[in-house]
Number of protein chains: 2
Amino acid sequence: MITIVAKQTVKADKIADFLSTAKQLVEETKRSDAGCISYDLYQDSENPGVFAFIEEWEDSAVLDKHIASKHFTELFPQLGQFLDVQTEIVRYQKVN
Amino acid sequence: MITIVAKQTVKADKIADFLSTAKQLVEETKRSDAGCISYDLYQDSENPGVFAFIEEWEDSAVLDKHIASKHFTELFPQLGQFLDVQTEIVRYQKVN
(Lines give C-alpha, C1' and ligand atoms only; values in the text may rest on other atoms or scores of the structure.)
Protein backbone atom coordinates (compact mmCIF):
# COMPACT_ATOMS: atom_id res chain seq x y z
CA MET A 1 0.00 0.00 0.00
CA ILE A 2 1.12 3.56 -0.72
CA THR A 3 0.04 6.57 1.34
CA ILE A 4 0.37 10.06 -0.12
CA VAL A 5 0.27 13.32 1.82
CA ALA A 6 0.09 16.24 -0.63
CA LYS A 7 0.17 19.49 1.33
CA GLN A 8 -1.03 22.69 -0.31
CA THR A 9 -0.86 26.23 1.03
CA VAL A 10 -3.56 28.34 -0.59
CA LYS A 11 -3.71 32.12 -1.10
CA ALA A 12 -6.06 33.68 1.49
CA ASP A 13 -8.47 35.05 -1.13
CA LYS A 14 -8.52 31.86 -3.21
CA ILE A 15 -9.71 29.29 -0.67
CA ALA A 16 -13.23 29.01 -2.13
CA ASP A 17 -11.84 28.56 -5.66
CA PHE A 18 -9.34 26.00 -4.45
CA LEU A 19 -12.05 24.05 -2.59
CA SER A 20 -14.36 23.96 -5.58
CA THR A 21 -11.74 22.36 -7.85
CA ALA A 22 -10.20 20.17 -5.13
CA LYS A 23 -13.58 18.67 -4.18
CA GLN A 24 -14.25 17.91 -7.84
CA LEU A 25 -10.91 16.06 -7.98
CA VAL A 26 -11.84 14.04 -4.86
CA GLU A 27 -15.24 13.13 -6.31
CA GLU A 28 -13.89 12.09 -9.71
CA THR A 29 -11.08 10.06 -8.13
CA LYS A 30 -13.41 8.22 -5.75
CA ARG A 31 -15.86 7.52 -8.58
CA SER A 32 -13.38 6.44 -11.24
CA ASP A 33 -10.05 5.19 -9.90
CA ALA A 34 -9.76 1.45 -9.22
CA GLY A 35 -7.25 0.62 -6.50
CA CYS A 36 -7.93 3.81 -4.58
CA ILE A 37 -8.43 2.83 -0.92
CA SER A 38 -9.06 6.38 0.30
CA TYR A 39 -8.67 9.89 -1.12
CA ASP A 40 -9.76 12.79 1.05
CA LEU A 41 -9.14 16.50 1.41
CA TYR A 42 -8.21 17.90 4.81
CA GLN A 43 -7.89 21.45 6.15
CA ASP A 44 -5.47 22.53 8.89
CA SER A 45 -7.61 23.42 11.94
CA GLU A 46 -5.27 26.25 12.90
CA ASN A 47 -4.31 27.60 9.45
CA PRO A 48 -7.35 27.63 7.17
CA GLY A 49 -5.19 28.19 4.08
CA VAL A 50 -3.33 24.90 4.58
CA PHE A 51 -4.83 21.77 3.02
CA ALA A 52 -3.70 18.21 2.38
CA PHE A 53 -4.89 15.42 0.18
CA ILE A 54 -4.31 12.23 2.17
CA GLU A 55 -4.53 9.24 -0.13
CA GLU A 56 -4.15 5.46 0.10
CA TRP A 57 -3.47 3.38 -2.99
CA GLU A 58 -3.15 -0.37 -3.42
CA ASP A 59 0.16 -0.11 -5.29
CA SER A 60 2.20 2.12 -7.57
CA ALA A 61 0.51 0.82 -10.76
CA VAL A 62 -2.92 2.14 -9.71
CA LEU A 63 -1.36 5.39 -8.48
CA ASP A 64 0.34 5.83 -11.87
CA LYS A 65 -3.05 5.33 -13.56
CA HIS A 66 -4.57 8.01 -11.32
CA ILE A 67 -1.79 10.46 -12.16
CA ALA A 68 -2.36 9.78 -15.89
CA SER A 69 -6.19 10.04 -15.63
CA LYS A 70 -8.18 12.75 -17.41
CA HIS A 71 -9.55 14.19 -14.15
CA PHE A 72 -6.12 14.39 -12.50
CA THR A 73 -4.27 15.85 -15.48
CA GLU A 74 -7.03 18.44 -15.98
CA LEU A 75 -7.88 19.38 -12.38
CA PHE A 76 -4.63 19.07 -10.43
CA PRO A 77 -2.72 21.66 -12.53
CA GLN A 78 -5.65 24.08 -12.10
CA LEU A 79 -5.05 24.08 -8.35
CA GLY A 80 -1.60 25.61 -8.90
CA GLN A 81 -2.98 29.09 -9.61
CA PHE A 82 -4.54 29.22 -6.11
CA LEU A 83 -1.37 28.27 -4.19
CA ASP A 84 0.99 30.41 -2.17
CA VAL A 85 3.63 27.68 -1.85
CA GLN A 86 4.45 24.80 -4.21
CA THR A 87 2.68 21.53 -3.33
CA GLU A 88 4.73 19.29 -1.02
CA ILE A 89 4.11 15.67 -1.92
CA VAL A 90 5.41 12.82 0.23
CA ARG A 91 4.93 9.15 -0.69
CA TYR A 92 4.86 7.05 2.47
CA GLN A 93 4.91 3.36 3.33
CA LYS A 94 3.58 2.07 6.63
CA VAL A 95 6.34 0.73 8.87
CA ASN A 96 4.59 -0.54 12.00
CA MET B 1 -12.86 13.44 13.78
CA ILE B 2 -9.35 14.85 14.01
CA THR B 3 -6.50 13.74 11.75
CA ILE B 4 -2.91 14.43 12.81
CA VAL B 5 0.14 14.31 10.56
CA ALA B 6 3.30 14.56 12.69
CA LYS B 7 6.33 14.62 10.40
CA GLN B 8 9.74 13.79 11.82
CA THR B 9 13.12 14.03 10.09
CA VAL B 10 15.56 11.63 11.74
CA LYS B 11 19.39 11.76 11.86
CA ALA B 12 20.83 9.26 9.35
CA ASP B 13 22.62 7.22 12.04
CA LYS B 14 19.66 7.20 14.45
CA ILE B 15 16.94 5.60 12.33
CA ALA B 16 17.04 2.24 14.15
CA ASP B 17 16.86 3.96 17.56
CA PHE B 18 14.01 6.16 16.39
CA LEU B 19 12.08 3.17 15.00
CA SER B 20 12.44 1.19 18.21
CA THR B 21 10.90 3.92 20.36
CA ALA B 22 8.36 5.05 17.75
CA LYS B 23 7.02 1.50 17.29
CA GLN B 24 6.66 1.18 21.07
CA LEU B 25 4.60 4.39 21.06
CA VAL B 26 2.37 3.03 18.28
CA GLU B 27 1.82 -0.26 20.14
CA GLU B 28 1.03 1.38 23.49
CA THR B 29 -1.33 3.88 21.86
CA LYS B 30 -3.22 1.21 19.93
CA ARG B 31 -3.48 -0.96 23.03
CA SER B 32 -4.48 1.72 25.54
CA ASP B 33 -6.07 4.81 24.01
CA ALA B 34 -9.85 4.81 23.71
CA GLY B 35 -11.14 6.96 20.86
CA CYS B 36 -8.11 6.28 18.69
CA ILE B 37 -9.40 5.34 15.23
CA SER B 38 -5.95 4.80 13.71
CA TYR B 39 -2.35 5.55 14.69
CA ASP B 40 0.39 4.40 12.37
CA LEU B 41 3.98 5.20 11.56
CA TYR B 42 4.99 5.85 7.95
CA GLN B 43 8.36 6.24 6.21
CA ASP B 44 8.99 8.41 3.16
CA SER B 45 9.71 6.01 0.27
CA GLU B 46 12.26 8.40 -1.21
CA ASN B 47 13.89 9.80 1.96
CA PRO B 48 14.37 7.02 4.52
CA GLY B 49 15.06 9.53 7.30
CA VAL B 50 11.63 11.11 6.96
CA PHE B 51 8.76 9.61 8.98
CA ALA B 52 5.23 10.59 9.88
CA PHE B 53 2.75 9.48 12.47
CA ILE B 54 -0.66 9.66 10.78
CA GLU B 55 -3.39 9.51 13.38
CA GLU B 56 -7.19 9.64 13.51
CA TRP B 57 -9.01 10.50 16.73
CA GLU B 58 -12.71 10.64 17.51
CA ASP B 59 -12.50 14.15 19.01
CA SER B 60 -10.19 16.55 20.83
CA ALA B 61 -11.05 15.13 24.28
CA VAL B 62 -9.60 11.70 23.45
CA LEU B 63 -6.62 13.30 21.74
CA ASP B 64 -5.95 15.36 24.87
CA LYS B 65 -6.04 12.17 26.94
CA HIS B 66 -3.50 10.57 24.60
CA ILE B 67 -1.17 13.57 24.89
CA ALA B 68 -1.44 13.34 28.70
CA SER B 69 -0.94 9.55 28.81
CA LYS B 70 2.07 7.91 30.49
CA HIS B 71 3.26 6.28 27.24
CA PHE B 72 3.05 9.52 25.25
CA THR B 73 4.68 11.77 27.87
CA GLU B 74 7.48 9.23 28.34
CA LEU B 75 8.12 8.07 24.78
CA PHE B 76 7.39 11.07 22.55
CA PRO B 77 10.04 13.35 24.17
CA GLN B 78 12.61 10.52 23.79
CA LEU B 79 12.20 10.73 20.01
CA GLY B 80 13.54 14.29 20.07
CA GLN B 81 17.15 13.20 20.52
CA PHE B 82 17.04 11.30 17.19
CA LEU B 83 15.69 14.19 15.09
CA ASP B 84 17.45 16.45 12.64
CA VAL B 85 14.53 18.86 12.35
CA GLN B 86 11.85 19.76 14.90
CA THR B 87 8.64 17.73 14.55
CA GLU B 88 6.04 19.39 12.30
CA ILE B 89 2.57 18.65 13.62
CA VAL B 90 -0.57 19.55 11.66
CA ARG B 91 -4.08 18.95 13.02
CA TYR B 92 -6.47 18.43 10.11
CA GLN B 93 -10.22 18.16 9.66
CA LYS B 94 -11.72 16.42 6.66
CA VAL B 95 -13.47 18.85 4.31
CA ASN B 96 -14.94 16.73 1.51
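In the predicted model, strand β1 (residues 2-10) of chain A pairs with β4(A) in the antiparallel sense, the two being linked by 7 bridges. Within this pairing, V5(A) has V90(A) of β4(A) as its bridge partner. The corresponding elements of chain B are likewise joined, since β1(B) and β4(B) run antiparallel and are connected by 7 bridges, with T9(B) standing opposite V85(B) of β4(B) and T3(B) standing opposite Y92(B) of that strand. Strand β1(B) also pairs with β3(B), again in the antiparallel sense, over 8 bridges, and here T3(B) stands opposite E56(B). T3(B) thus has a partner in β4(B), namely Y92(B), as well as one in β3(B), namely E56(B).

Pairing also extends from one chain to the other. Strand β4 (residues 83-94) of chain A is joined to β2(B) by 3 bridges, the two strands running antiparallel, and Y92(A) stands opposite D44(B) of β2(B). In the reciprocal arrangement, strand β2 (residues 36-44) of chain A is joined to β4(B) by 3 bridges, also antiparallel, and Q43(A) stands opposite Q93(B) of β4(B). A closed barrel of 8 strands results in the order β1(A)-β3(A)-β2(A)-β4(B)-β1(B)-β3(B)-β2(B)-β4(A), with antiparallel pairing. From one strand to the next, the twist averages 30°.

The contact between the chains draws 22 residues from chain B and 22 residues from chain A. On the side of chain B that touches chain A, two or more residues are given by each of β1 (2-10), α1 (15-32), β2 (36-44), β3 (50-57) and β4 (83-94) of chain B. By residue class, that side of chain B consists of 11 nonpolar, 5 polar and 6 charged residues.

The relation between the copies was examined by superposition. A turn of 180° with a shift of 0.0 Å along the axis lays chain B on chain A with an RMSD of 0.0 Å, and the two copies are therefore related as by a two-fold rotation axis. The C-alpha of chain B nearest this axis belongs to V5(B), at 4.4 Å from it. Both copies use the same surface, given that 100% of the contact residues of chain B recur in chain A.

The largest nonpolar core comprises 32 residues, of which V5(A), A52(A), V5(B) and A52(B) touch the most other members. When neighbours within four places in sequence are left aside, V5(A) is in contact with A52(A), I54(A), V90(A) and Y92(A) of its own chain, and with V5(B) and A52(B) of chain B.

V90(A), the bridge partner of V5(A), lies in strand β4 of chain A. Because 20 other C-beta atoms lie within 10 Å, V90(A) is classed as buried, the criterion being 20 or more such atoms. Not counting residues up to four places away in sequence, V90(A) touches V5(A) in chain A together with D44(B) and V50(B) in chain B. D44(B) is also the residue of β2(B) that stands opposite Y92(A). V90(A) and T3(A), although 87 residues apart in sequence, are 8.3 Å apart in space, C-alpha to C-alpha.

Conventions
Residues are numbered from 1 along each chain as its sequence is written. Chains are lettered from A and ligands numbered from 1 in the order in which they are written. This is a predicted model: local features need pLDDT of at least 70, side-chain atom pairs count only at pLDDT 80 or more; totals for chains, interfaces and linings use all residues. Two residues are in contact if their C-beta atoms, placed from the backbone, lie within 7 Å. Helices (H or I, at least four residues) and strands (E, at least two) are DSSP runs, numbered from the N terminus. Ala, Val, Leu, Ile, Met, Phe, Trp, Tyr, Cys and Pro count as nonpolar, Asp, Glu, Lys and Arg as charged, and the others, Gly among them, as polar. Two strands pair if DSSP finds at least two bridges between them. Copies are superposed by least squares on the C-alpha atoms of residues with pLDDT of at least 70 in both. A nonpolar core is a set of buried Ala, Val, Leu, Ile, Met, Phe, Trp, Tyr and Cys residues joined through C-beta atoms within 7 Å. A residue is buried if 20 or more other C-beta atoms lie within 10 Å of its own, exposed if 12 or fewer, and partly exposed in between; C-beta atoms are placed from the backbone. Axes are lines fitted to C-alpha atoms, for helices over the stretch in contact, and angles run from 0 to 180 degrees between N-to-C directions.
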